[in-house]
Structures are given as C-alpha cells and as structure tokens.
Amino acid sequence: TATANGLTLSASPSSATYQWLNCNPYAEITGATNQTYTVTANGDYAVVVTQNGCSDTSNCITITNVGVNDISLEGISVYPNPTENIFTISSTNNLKNANVQILNAVGQVVYKKEKLSGTAFEIDISNFANGLYTLEIKEGEKVSRSKILKR
C-alpha cells in the first residue's frame with residue numbers, strides 16, 4: 001500500500017525492499033528505493049514492494065501540489081533562538097550555493113548573503129532591533145523558513 005502525506009509518499013509494510021515508480025508510463029525512479037519518497041514533480045506515483053521473495057505494485061497516487069515554494073529544505077537547525085547577538089544555521093546536508101536572507105516584521109530584507117556552501121554558518125544580528133524576524137534559506141527550488149527572536 002502507498003499513502004501520501006503532503007509531498008511524501010510512504011509504503012507499507014516495513015522491512016521490505018522498495019522501488020518507486022512513475023505511473024505514466026510505468027518507469028522506475030532512479031535511486032528511489034527507500035520506504036518513503038519525496039515527490040519533486042507533479043504526476044502519478046506507485047511503489048513495488050518486495051518481501052519474502054514476493055513483489056506487489058501499489059495503487060497509483062496522483063500528486064498535483066508541487067510548486068517552487070512547496071519543496072522544503074530539510075535538515076536545517078537554527079540556534080540559539082531566541083538570540084541576542086550571533087546565531088548559527090546548521091544543516092545535516094552540505095548546502096551548495098544557498099542564499100540566506102532575514103526579513104523584518106513588515107517583510108523588508110534586512111540581511112542578505114548569497115552563494116553559501118557548507119554545513120554551518122554564523123550570522124551576527126547584534127545591530128538589529130529587538131523583535132521577531134523571518135530567516136529564509138534557499139537552495140535551488142528548496143526553501144527553509146524559520147522565525148528568529150532577537151532580544
């Protein structure tokens with residue numbers, strides 16, 4: 001059985017092998033062999049589950065809500081938050097050419113840094129007024145947004 005939660009598809013049962021498919025036409029998605037698969041394009045998806053030498057193909061699930069801002073950049077941590085001066089952006093994935101910006105409460109960009117690569121970055125906001133800010137990290141079409149409290 002395949003189920004969808006947002007853009008993440010899940011297969012059951014666990015402890016089997018999996019191969020995710022594009023349904024139109026039936027074609028394997030290269031490298032999509034985990035129990036879950038995060039969709040990156042609208043379409044119809046299914047999974048072949050193999051367990052104890054038997055294989056079965058799930059129903060096709062139609063995904064239509066993929067958009068530029070719907071693809072989340074995962075594995076991002078921001079700390080300490082709240083902060084007084086410097087906070088750290090940490091990523092479990094190695095970011096490549098990521099763009100970082102901080103927006104104030106009325107949506108104005110008050111900080112911008114482009115083409116960051118690596119797994120950790122420090123940002124000094126000691127000169128910012130106390131208040132709530134939005135941190136936006138973009139890598140290609142993937143986006144992460146977090147609230148930062150400066151006190």
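Two strands count as paired here if DSSP finds at least two bridges between them. The model is predicted.

Q: Which strand is joined to β3 by 6 bridges?
A: Pairing needs at least two bridges. Strand β3 covers residues 17-22, and 6 bridges join it to a strand made of residues 43-51. The two run antiparallel, and the partner is β6.

Q: What is the bridge partner of Q19 in β6?
A: Strands β3 (residues 17-22) and β6 (residues 43-51) run antiparallel. Within this pairing, the residue of β6 that is bridged to Q19 is V48.

Q: How many residues lie in the hairpin connection that joins β3 to β4?
A: Strand β4 consists of residues 27-28, and 2 bridges join it to β3 in an antiparallel arrangement. One of the bridged pairs is N22 with A27. The hairpin runs from β3 to β4 through 4 residues.

Q: How many helices and how many strands does the protein chain have?
A: Read from the N terminus, the elements of the protein chain are β-β-β-β-β-β-β-β-β-β-β-β-β. The count is therefore 0 helices and 13 strands.

Q: Is the protein chain more spread out or less spread out than a compact globule?
A: For 151 residues the globule rule gives 15 Å. The radius of gyration of the protein chain is 20 Å, well over that value, so the chain is more spread out than a compact globule. The C-alpha atoms fill a box, taken along the principal axes, of roughly 60 × 30 × 25 Å.

Q: What percentage of the residues of the protein chain count as buried?
A: The accessible surface of the protein chain is about 8,800 Å², with 46% belonging to carbon and sulfur atoms. A residue is buried if its relative accessible area is under 20%. Of the 151 residues, the buried share is 38%.

Q: Is G53 buried or exposed?
A: G53 sits in the loop between β6 and β7 (54-57). Its relative accessibility is 76%, and the cut-off for the upper class is over 50%, so G53 counts as exposed.

Q: What is the C-alpha to C-alpha distance between G53 and A16?
A: Contacts between residues 24 or more positions apart make up 50% of the contacts in the protein chain with a separation of 6 or more. G53 and A16 are 37 residues apart in sequence. In space, C-alpha to C-alpha, their separation is 9.8 Å.

Q: How far apart are the mean positions of the positive and negative charges of the protein chain?
A: The protein chain has 10 positive and 12 negative charges. Taking the mean position of each set, the distance between the two is 11 Å.

Note on methods. Residues are numbered from 1 along each chain as its sequence is written. This is a predicted model: local features need pLDDT of at least 70, side-chain atom pairs count only at pLDDT 80 or more; totals for chains, interfaces and linings use all residues. Side-chain values use heavy atoms; hydrogens and water are left out. The radius of gyration is taken over C-alpha atoms; the globule rule is 2.2 Å times the number of residues to the power 0.38. Buried means under 20% relative accessible area, exposed over 50%, partly exposed in between (1.4 Å probe, protein chains only). Contact means heavy atoms within 4.5 Å. Accessible areas come from the Shrake-Rupley method with a 1.4 Å probe; for residues, only the protein chains shown count as cover. Lys and Arg count as positive and Asp and Glu as negative; His and the chain ends are not counted. The place of a charge is taken as NZ of Lys, CZ of Arg, CG of Asp or CD of Glu.
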